[in-house]
Amino acid sequence: SAVAKPPVVVGSKTFSESHILAEVAAQYLAANGVPVERKIGLGGTLITYEALVQGELDVYPEYTGTLTGAVFDDLSMDTARLGEALDGDGLEFLVPLGFNNSYALAITEALATRLSIASISDLAAQPDLDIGLSLEFLNRGDGWPELQRRYALPQQAKGIEHALAYRALEAGQLDVADAYTTDGNLDLYSLRLLDDDLGVFPAYDAGYLSRKDLPNRARELLAELEGVIDETTMRALNRRVATDGLSPEVVAFDFLAEKALVL
Ligand code: PBE
């Protein structure tokens, strides 16, 4: 029939890696003849997940540990149980992209050396440390409440915008902040990422979370992106936005061109 297919709506959360990965999907689909619409920077995990469940979006970049920890609040979930839980919401997790972007706690090398802090356990003996965490991390099931409980940490943490955290550490306005391990600007600062010696953080394997009613053609195309981004590559892409000031659109386009995924 002559009825136009509705566009596939590609969404993202608010941080730049999410935007880059949404652009990779959107541009790859569009380059292969699938009409797309973008809803970038919708909000945090729960808002974006709910928008997907409600059908306001069809797909957005997400991480396995974020689903078990933040959405289902059950870090004991394995892949099979996660798949069932998503299925119950009409969703499925497509393609591991090939990298893990974990939370970590960061402290300046200078302070870490002075206080002999190497692991999260070591923080328990330092009640006066000033801890500032991204707002979502402050409340998530895989975030501060769980760290505080498992490691018996005595500090009170406050919220800080993630984009400002590394600079605040360097300026001495904060002692400890949460880091994202693929952040492109991490290398610019002399920070130590503390060992999660009790293994609280799960694996945060990146992929595309989609509605089960995603058109088959779109699902096939996204499947072709399996394993195309390793950790080093993701860091380099993030660095181009955070440090070089390029837009996520341009960074995604260059990446697809370099991989010969678009012509
Ligand atoms: N992460 C690290 C967070 C932000 C970056 C993947 C654990 C998340 O979006 O869940």
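Select the shell around the ligand, which by class holds 5 nonpolar, 2 polar and 2 charged residues, where Ala, Val, Leu, Ile, Met, Phe, Trp, Tyr, Cys and Pro count as nonpolar, Asp, Glu, Lys and Arg as charged, and the others, Gly among them, as polar. This is a predicted model, in which local features need pLDDT of at least 70 and side-chain atom pairs count only at pLDDT 80 or more, while totals for chains, interfaces and linings use all residues. Residues are numbered from 1 along each chain as its sequence is written, and side-chain values use heavy atoms, with hydrogens and water left out.

The residues to highlight are K13, F15, Y63, T66, N101, Y103, R140, Y180 and Y204, which surround the ligand with a heavy atom within 4 Å of it.

Next, show the side chains of K13, T66 and R140 and look for polar contacts, meaning pairs of N or O atoms within 3.5 Å. An N or O atom in the side chain of K13 is 2.8 Å from an oxygen atom of the ligand, a polar side-chain atom of T66 lies 2.5 Å from a ligand oxygen, and for R140 the corresponding distance is 2.9 Å.

Finally, colour the chain by domain, with domain 1 as 8-101 + 203-258 and domain 2 as 103-193, bounds that come from an automatic or database domain assignment. Their C-alpha centres lie 26 Å apart, and the contact (heavy atoms within 4.5 Å) takes 21 residues from domain 1 and 15 residues from domain 2. Because both domains give residues to the shell around the ligand, the ligand lies between them.

Notes: A polar contact is a pair of N or O atoms within 3.5 Å; within protein, one must be able to donate a hydrogen and the other to accept it, and residues adjacent in sequence count only if both atoms are side-chain atoms.
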